[in-house]
Amino acid sequence: VHTAFAHGAEDFEFGVKHGVLPKTYLNKYGKFETENHPVLSPLNGMSREQAGKVVLEMLSEAKLLVKYTVDEQEQNVCWRHKSGVFYNATWQVFLNLQSPSFNLKEKVANLLEKSVLSEQDKNQLSLMLLNREHWCLSRQRSWGCEMNLLVDKQTNQLSPLSASYLHLLANGDNEKAALFLAENPNLEVFKDVLDVWFDSGNVVNTY
């Protein structure tokens, strides 16, 4: 039951409403991390495909397997790599578009109105930006601009020291950035890539 809220938007919203956090045992590589789990430890290091057979054996040995059938269903495919993808609950970075501190939606609406985009593009962006409460900025891909935010290892919360670290990277002070991390061992780098729409929209006009 604890992991059910990781599957589907409605389930997730229900979990948030009742204070139940999503939980997954799969890492970003699709491998199980269950080394210290009292029941699932045999799955540690296995892929999703490898674990399926082992789970069936475990259920059968425990006399908990009622019925098993094999069904074919369509799988989502990455448009870039043409390979199958799987969905997994993971930490994300969200931008709160409703924050009263920044009044982002009003600013976005004004910028769209002044832009040279076609009416069709303006309408499309308005639907994408103004009709949502949050914008998920992080992406779990192997290509793109890494976010390089700092996260507290204990709380999994973004650290306010991220700004200082990003400033060092932006100035090319890689040695100082490495020293900064060494002096803050409680922090780790969140290297998910930035949403390409947010990234391309933040290009500074130098002309």
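A residue is called buried when its relative accessible area is under 20%, exposed when that area is over 50%, and partly exposed in between, with a 1.4 Å probe and protein chains only. By this scale Ser-118 is partly exposed, since its relative accessible area is 37%. This is a predicted model, in which local features need pLDDT of at least 70 and side-chain atom pairs count only at pLDDT 80 or more, while totals for chains, interfaces and linings use all residues. Residues are numbered from 1 along each chain as its sequence is written, and side-chain values use heavy atoms, with hydrogens and water left out.

Helices (H or I, at least four residues) and strands (E, at least two) are DSSP runs numbered from the N terminus. Ser-118 belongs to the loop between α3 (104-114) and α4 (119-130). From Ser-118 to Ala-170 the separation is 52 residues in sequence and 34 Å in space, taken C-alpha to C-alpha.

The structure holds two aromatic pairs. One of them joins Trp-79 and Trp-143, whose ring centres are 6.2 Å apart and whose planes stand at 80°, so the pair is edge-to-face. For such pairs, rings of Phe, Tyr and Trp (its six-membered ring) must have centres within 6.5 Å, and planes under 30 degrees apart count as stacked, over 60 as edge-to-face and the rest as tilted. Because Trp-79 lies in the loop between α2 (48-61) and β1 (94-96) and Trp-143 in the loop between β3 (138-139) and β4 (149-152), the pair ties together parts that are 64 residues apart in sequence. Trp-79 counts as exposed at 56% relative accessibility, whereas Trp-143, at 24%, counts as partly exposed.

The same two loops also hold residues with a positive phi: Lys-63 is found between α2 and β1, and Asn-148 between β3 and β4. Neither Lys-63 nor Asn-148 is a glycine.

| Residue | Phi | Relative accessible area | Class |
|---|---|---|---|
| Lys-63 | about 55° | 75% | exposed |
| Asn-148 | near 55° | 16% | buried |

On the surface, Glu-10, Asp-11, Glu-13 and Glu-133 form a negative patch. Patches are made of residues with over 30% relative accessible area and no salt bridge, like charges being joined within 9 Å, and a salt bridge is a side-chain nitrogen of Lys or Arg within 4 Å of a carboxyl oxygen of Asp or Glu. Within this patch, Glu-10 has its place in helix α1 (residues 9-17) and counts as exposed at 60% relative accessibility.

How values were computed:
Patch = residues over 30% accessible without salt bridge, like charges linked within 9 Å, V, L, I, M, F, W, Y side chains within 5 Å. Areas by Shrake-Rupley, 256 points an atom, 1.4 Å probe, with all protein chains shown as cover. Lys, Arg positive; Asp, Glu negative; His and termini not counted. Charge placed at Lys NZ, Arg CZ, Asp CG, Glu CD.
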